[in-house]
Amino acid sequence: MEQKNTEELLKERLREKGLKVTHQRLLVLSVLEQNSGRHMTAEDIYELVSEDYPEIGLATVYRTLQLLWDMQLVDRLNLDDGCVRYEIGHLLRGDARHNHHHLICRSCHKVIPFDGDLLDDLERHIEESVGFHVLDHELKFYGLCRECMKMQK
């Protein structure tokens, strides 16, 4: 089966929900896709979108991000720095089930994505023992990155 590109999937999802496919929505998603792995704030996205589309407003970017998040096309992250950040959603990354996880350096504040998901057994245990079906989870590890560990030695 052929993998749909991000724009095609967005158009399909918007139409399924009876929503318009707008240039602004496509631009916001395109910026996130082009900056994959950057964990961008709404303001970061606005700055890049407004370079090519100066008439867009910050409020439109916020509304678009909320809509894309509601549709599970973007993931919203809180990396404990006071900013809400966004990235392409796990459904668009081809993972129908889970987000990737994040390793956060306490020294330089670098955020490193980690794709290994070893929690399937735990989720099965939760469902069997408590009767709670886990749909998703978010996991953050705090520590020191390789570069900061070298600096401390």
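This passage walks through a few helices, a loop and a hairpin in a predicted model.

Helix 2 is a good place to start. It covers residues 23-34, twelve residues in all. At 1.5 Å a residue, a helix of that length should span 16 Å, and the C-alpha atoms at its two ends do turn out to be 16 Å apart, so expectation and model agree. Quite a few side chains of helix 2 are tucked away: Arg25, Leu26, Leu27, Val28, Leu29, Val31 and Leu32 are its buried residues. And what do the buried residues of helix 2 pack against? Their partners are helix 1 (6-16), helix 3 (42-52) and helix 4 (58-70), along with strand 1 (74-78) and strand 2 (84-88).

Moving along the chain, the loop between helix 2 and helix 3 holds Asn35. Is Asn35 buried or exposed? With a relative accessible area of 17%, Asn35 comes in under the 20% cut-off, so it counts as buried. Setting aside neighbours within four places in sequence, Asn35 is in contact with Met40 and Leu48.

Next comes helix 3, where Ala42, Ile45, Val49 and Ser50 are buried. Looking down the axis of helix 3, these buried residues fall within an arc of 125°, so they line one face of the helix. The other side of helix 3 is where Glu47 and Glu51 sit, and both are exposed. As for the buried residues of helix 3, they pack against helix 2, helix 4 and strand 2. The link between helix 2 and helix 3 shows up from the other direction too, since helix 3 is among the elements that the buried residues of helix 2 pack against.

Then there is a hairpin. Strand 3 (residues 101-105) pairs with strand 4 (residues 111-114) in the antiparallel sense, over four bridges. Within this pairing, His101 stands opposite Phe114 of strand 4. Five residues lie between the two strands of the hairpin, and here His109 takes a positive phi near 70°.

Finally, helix 6 (residues 146-152) includes Arg146. Is Arg146 buried or exposed? Its relative accessible area is 61%, and anything over 50% counts as exposed, so Arg146 is exposed. How far is Arg146 from Gln72, counting between C-alpha atoms? The two residues are 74 residues apart along the chain, and their C-alpha atoms are separated by 33 Å.

Methods: Residues are numbered from 1 along each chain as its sequence is written. This is a predicted model: local features need pLDDT of at least 70, side-chain atom pairs count only at pLDDT 80 or more; totals for chains, interfaces and linings use all residues. Side-chain values use heavy atoms; hydrogens and water are left out. The expected span of a helix is 1.5 Å times one less than its number of residues. Buried means under 20% relative accessible area, exposed over 50%, partly exposed in between (1.4 Å probe, protein chains only). Contact means heavy atoms within 4.5 Å. Two strands pair if DSSP finds at least two bridges between them. The arc is that of the directions from the helix axis to the C-beta atoms.
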